[in-house]
Amino acid sequence: MPDSILSHSSKNRPDATETSGQSAHQPASSSELARLKIRLHQSLRQFPDFPSPGILFEDILPLFNDPTLHQDLIHALELHIKTQSAAGQNPDIIVGLEARGWLFGPSLALRLGAGFVPVRKQGKLPGPIETASYEKEYGQDFFQIQADAIKQGQHVLIVDDIIATGGSAAAAGSLVRRLGGILLGYVFVLELDFLKGREKLNAPVYTLLSSQEDSSAKT
């Protein structure tokens, strides 16, 4: 596994307030990040039995409805990435997954001085493309990226809203490596821990907000 701007162990996942560098600004940054997380988490909405019975749908869209919350989200992600970065390990490219990774990926890329590259469903991108498949609950699906979107040796961070089973993120990671990118890790706003999606990802994983519990385990 390459060195990463994100510290992670699947058995001992760091909290978003943890940092590993030696900057004198880190205690203040950790405290600010903790406050941002509380505000952001309180703004999420949950919808039981959507889109089907037994599913608890996590709605992150309120974070983008309010400009202050939107700014808080981007700043929280930027803050963690910068405090965890090592020399020469800042991302050159932010890859956002269709479609909610596009909601905050471009803004985060601008704040980090990086380029933004979208990963799309099959048949949406022009020109030469690379394709990777992944399994969904109802069958196989495909992600694609333009073949010249990432240059050999560029450092890449993949972002999306929620990690569930991890299949789509893993497919995006394979596309990044196929184009010669160095995958620094994955960043998600929220994680459904009980689905164990991070076990499919072979790069560090960071989630901003605490995960949803498995409601089925309580019944």
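**A walk from sheet to buried aspartate**

Helix H5, made of residues 167–178, lies across S3, S4, S5, strand S6 (139–146), S7 and S8, and runs at about 160° to S5. Keep in mind as you look around that this is a predicted model.

Let's turn to the sheet itself. Its 7 strands form an open sheet with mixed pairing, in the order S5-S6-S4-S3-S7-S8-S9. At the edges stand strand S5 (129–136) and strand S9 (205–207); each has a single partner strand, so one side of each is left without a neighbour in the sheet. On average, neighbouring strands of this sheet are turned by 25° against each other, direction ignored.

A good pair to pick out next is S3 and S7. Strand S3 (residues 93–97) and strand S7 (residues 155–163) run parallel and are joined by 4 bridges. To find one pairing by eye, start at Ile 94, whose bridge partner in S7 is Leu 157. Another helix belongs in this picture: H4 (residues 101–112) lies across S3, strand S4 (115–121), S7 and strand S8 (182–191), running at about 165° to S4.

Now follow S7 to Asp 160, which lies in this strand. Which side chain of opposite charge is nearest to Asp 160? It is Arg 100, 7.5 Å away; Asp 160 is buried yet has no salt bridge. A salt bridge would need a side-chain nitrogen of Lys or Arg within 4 Å of a carboxyl oxygen. The side chain of Asp 160 does reach the backbone nitrogen of Gly 101, at 3.3 Å. Leaving aside residues up to four places away in sequence, Asp 160 touches Leu 97, Arg 100, Gly 101, Phe 104, Val 187, Phe 188 and Val 189.

Key:
Residues are numbered from 1 along each chain as its sequence is written. This is a predicted model: local features need pLDDT of at least 70, side-chain atom pairs count only at pLDDT 80 or more; totals for chains, interfaces and linings use all residues. Side-chain values use heavy atoms; hydrogens and water are left out. Two strands pair if DSSP finds at least two bridges between them. Helices (H or I, at least four residues) and strands (E, at least two) are DSSP runs, numbered from the N terminus. Axes are lines fitted to C-alpha atoms, for helices over the stretch in contact, and angles run from 0 to 180 degrees between N-to-C directions. Contact means heavy atoms within 4.5 Å. Buried means under 20% relative accessible area, exposed over 50%, partly exposed in between (1.4 Å probe, protein chains only). Lys and Arg count as positive and Asp and Glu as negative; His and the chain ends are not counted. A polar contact is a pair of N or O atoms within 3.5 Å; within protein, one must be able to donate a hydrogen and the other to accept it, and residues adjacent in sequence count only if both atoms are side-chain atoms.
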